[in-house]
Amino acid sequence: MSSTFSRSRRELLQSSLSVTLLASLGVPSVVFADEAAAPVHGGTLTFLVYPEPTSLVSIATTSGAEQRVSSKVHEGLLKYDFDLTPQPQLATGWTVSPDGKLYTFSLREGVRWHDGKPFRAVDVVRSIELLKAWHPRGKQTFANVEALRAPDDHTVEIALSQPAPYLLYALSAAESPIVAAHVYDSLDSPAKNPASLSPIGTGAYIFRAWERGTSAVFERNPDYWDQPKPYVDRLVARFIADINARAAALETGELLVASENPVALSEIKRLQALPHIAYTQDGYSYSPNQHQLEFNLDKPYFKDLRVRQAIAHAIDRQTILDVVYNGYGIVAPSPISPLLKRFYYDGVETYPFDLDKANALLNEAGYPRGPDGVRFRITHDYLPYGSEFQNLAAYLKNNLARIGIDVTIRSQDLSAWIKRVYTDRDFDFVSNGLSNTFDPTVGVQRGYWSKSFVKGVPFSNASHYANSEVDALLETAAIEPDEKKRYDLFARFQQIVAREIPLINTITVKQVTLFNRKVHDHTVTADGLRGNLADVFIKE
C-alpha cells in the first residue's frame, strides 16, 4: 500500500491544482518564479510564524504556530502529495491488513537524532503513546490503538481494536511528530519536558536558539538522511505580531516567505503585483480551514435554541465573505467544509439573513427590548489569529445590536484566549477556526462529540454540546471502512447539528502563501509551510 510520486507528476498536480484554485478567485494562475531552477546550497530563509509559539514541538497541540516550527526539527512517518496520497518520510513502506486492524510500518534505516543517537522503532511507539494521551486530535486519531509493537528496530506494528479509516492520513510531521524515546522517557505531559523549548529531532534542521519575542533559529542538519537536502544553511522563524509590519517585511525582503493569509486580505493583491513577490494557494489541501461562531451552551441565553436561531438569522454569510474576508473564501454553512468533497453534504439548513425573523424569535423566547432597546448583554471573545476575526467581531457587534443584543468585544493574546475558553470557560460566545484536517473524524468530530468536552484541552468541544444521536453517528463513522456508508453517516450528522446550531459555521477560508521570487520549492506537500522545508532553496 506504500506509494511514491515522481517529481514530474508532483509538478503536474501542483500546476493543475494551482490553476483550479486561483481561477476560482478570479486571479492569474501564473504565479511561480522560475519553476525549472536547479537547487543550490546556501543562504538564510526567513519565514513567518505567528503568533509566537509557546512550544517548539507539536506533540501536544494543534496550534498552527507550533506546527510550523515543530516540523522543521521533527518528522512524521509519512508526508502527503497535493492529492493527499501518502509518501515515505521516516517510514519507507507500510501495509494495512484486510480487516483494517493492523498497520505495519517499515522504518528508514541510518537515521540519527540530532544528538547522535539512532532512530529506532521504540521512538515511534513512544510518540504514538504521547499523541494518544496528550494531543487534542491524537486522542481521537489513536483512540482505537490496542497495542504498539516493535518486533525489531526498524519495524512498528499498530494493532487496532476497530478499524480507523483515517489513520494513514494522520501521520504528517506537524500533525503526528515522531519524538525520541530517550528524550521523552515518560508519559508525563510533553509540555513539561525541557525538549519542548529545545527540541531534538531527526529533521532537516537543528534547533539553535529561541529569541523570545523575535525569532527561532535553525541550522542545516549536515547528517540529514535525504542528502543533498536541505539546501539552505539557516532557517529563521520570525515572530511578527503586527499585520502591517508583516506586509512591510515581505515588501522589503526581511521576510522571504509567509503562509496562511499572512497580511490583511486587502493587501494581498497589492503585494502580489510587486515584481519580486509571487504567491500560491497550494499547500492547504491537508487542512481546509473552517471558521465558526461557538456558543457556550452552559450560559442561560444560549441554552435556548431560539436565541441561537435568532443570531443565525442576524448574520449574512455572503456579507461576511465579501466584507470581512475580501472574497477569499467559500460560504460554508456546514461543519464539513465544501473543500472536503468526499464528505460534504450541501443540503443543510442555513437560516437565511432575516432580521424580522430574528427579532420575532427573541420575543418568543421571552427577551423583550428594554427602554434602551437592549434585550440582553453578552461578551464576544474573538480568536486572536489574523485580522479577520477582529473584523468579524465588529460586524457581529453591529448586526446583533440591530436585534437588541448588546455585544462587548474582548481581546487578548492567544494563550489567554485558550485559557478563558477551554479551561476557565469564562465566555458567552467566541469566533474560532477549526481545521477540518484530512478527515471529519479527526478535524470535525472534536467540536461536536460530547466526549471531546475536556476542560483544559484546546480546540475541542468548546460549546459543551451533547447529543446522543450525534455521538452515535460520529462514533460509527469513525470505524466504518466503507466510504459511501461513512458519507451517509456524516450527512446525517451535518443535518442534525445544522438544525441545533451549537456552532454557526460561516466561511471556509481560501489561503494564500506570499513569497520572494528567489525562493523555490517551499511548497511541495499538501501541508505547505507546515512541511519540513527540506526542498527549499534560494536562487536569484
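This briefing covers the main pocket, two sets of paired strands and some unusual backbone sites. The model is predicted. Its largest pocket holds about 1000 Å³ of space. Helix α12 gives the most to the lining of that pocket, and α12 also packs on a six-stranded open sheet.

**Largest pocket**

- The lining of the largest pocket counts 44 residues.
- Thr54, Glu66, Leu414, Ser415 and Ile418 lie nearest the centre of the pocket.
- Five elements are named as giving two or more residues to the lining: α2 (64-73), α3 (121-134), α5 (243-252), α11 (387-401) and α12 (414-424).
- The top contributor is α12, with five residues.
- By class, the lining splits into 24 nonpolar, 14 polar and six charged residues.
- Rolling a probe the size of a water molecule over the atoms is a way to show where empty space is left.

**Six-stranded sheet**

- The strand order is β14-β18-β13-β17-β15-β16, in an open sheet with mixed pairing.
- The edges are β14 (329-331) and β16 (405-410). Each has a single partner strand, so one side of each is left without a neighbour in the sheet.
- From one strand to the next, the twist averages 30°.
- Helix α12 packs on this sheet and touches β13 (289-295), β15, β16 and β17.
- The direction of α12 makes about 100° with that of β17.
- Within the sheet, β15 (residues 376-381) and β17 (residues 429-435) pair in the parallel sense, over two bridges.
- Aspartate 381 has valine 430 in β17 as its bridge partner.
- In a regular strand, side chains alternate between the two faces of the sheet.

**Hairpin of β8 and β9**

- Strand β8 (residues 205-211) runs antiparallel to β9, and six bridges join the two.
- Glutamate 211 stands opposite serine 215 in β9.
- Three residues lie between the strands of this hairpin.
- Glycine 213 in the hairpin takes a positive phi, near 85°.

**Cis peptide bonds**

- Most peptide bonds are trans. The two sites below are cis.
- Tyrosine 50 and proline 51 are joined by a cis peptide bond, with omega about -10°.
- Proline 51 sits in the loop between β1 (44-49) and α2. Helix α2 also appears among the elements lining the largest pocket.
- Glutamine 227 and proline 228 are joined by a cis peptide bond too, with omega about 10°.
- Proline 228 is in the loop between β9 (215-220) and β10 (234-239).

**Positive phi outside glycine**

- Most residues other than glycine have a negative phi. The residues below have positive values.
- Glutamate 260 has phi near 60°. Its place is the loop between β11 (257-258) and α6 (265-272).
- Is glutamate 260 buried or exposed? Its relative accessibility is 8%, so glutamate 260 counts as buried, the cut-off being under 20%.
- Histidine 464 has phi of about 65°. This residue is found in the loop between α13 (440-443) and α14 (468-477).
- At 30% relative accessibility, histidine 464 counts as partly exposed. That class lies between the 20% and 50% limits.

Definitions and conventions
Residues are numbered from 1 along each chain as its sequence is written. This is a predicted model: local features need pLDDT of at least 70, side-chain atom pairs count only at pLDDT 80 or more; totals for chains, interfaces and linings use all residues. Side-chain values use heavy atoms; hydrogens and water are left out. On a 1 Å grid over the protein atoms alone, a cavity is a set of points where a 1.4 Å probe fits but cannot get out, and a pocket is an open set with protein on both sides within 12 Å along at least five of seven lines; lining residues have an atom within 4 Å of a point. Grid points are joined across faces, edges and corners, and a volume is the space filled by probe spheres set on the points. Helices (H or I, at least four residues) and strands (E, at least two) are DSSP runs, numbered from the N terminus. Ala, Val, Leu, Ile, Met, Phe, Trp, Tyr, Cys and Pro count as nonpolar, Asp, Glu, Lys and Arg as charged, and the others, Gly among them, as polar. Two strands pair if DSSP finds at least two bridges between them. Axes are lines fitted to C-alpha atoms, for helices over the stretch in contact, and angles run from 0 to 180 degrees between N-to-C directions. Contact means heavy atoms within 4.5 Å. Buried means under 20% relative accessible area, exposed over 50%, partly exposed in between (1.4 Å probe, protein chains only).
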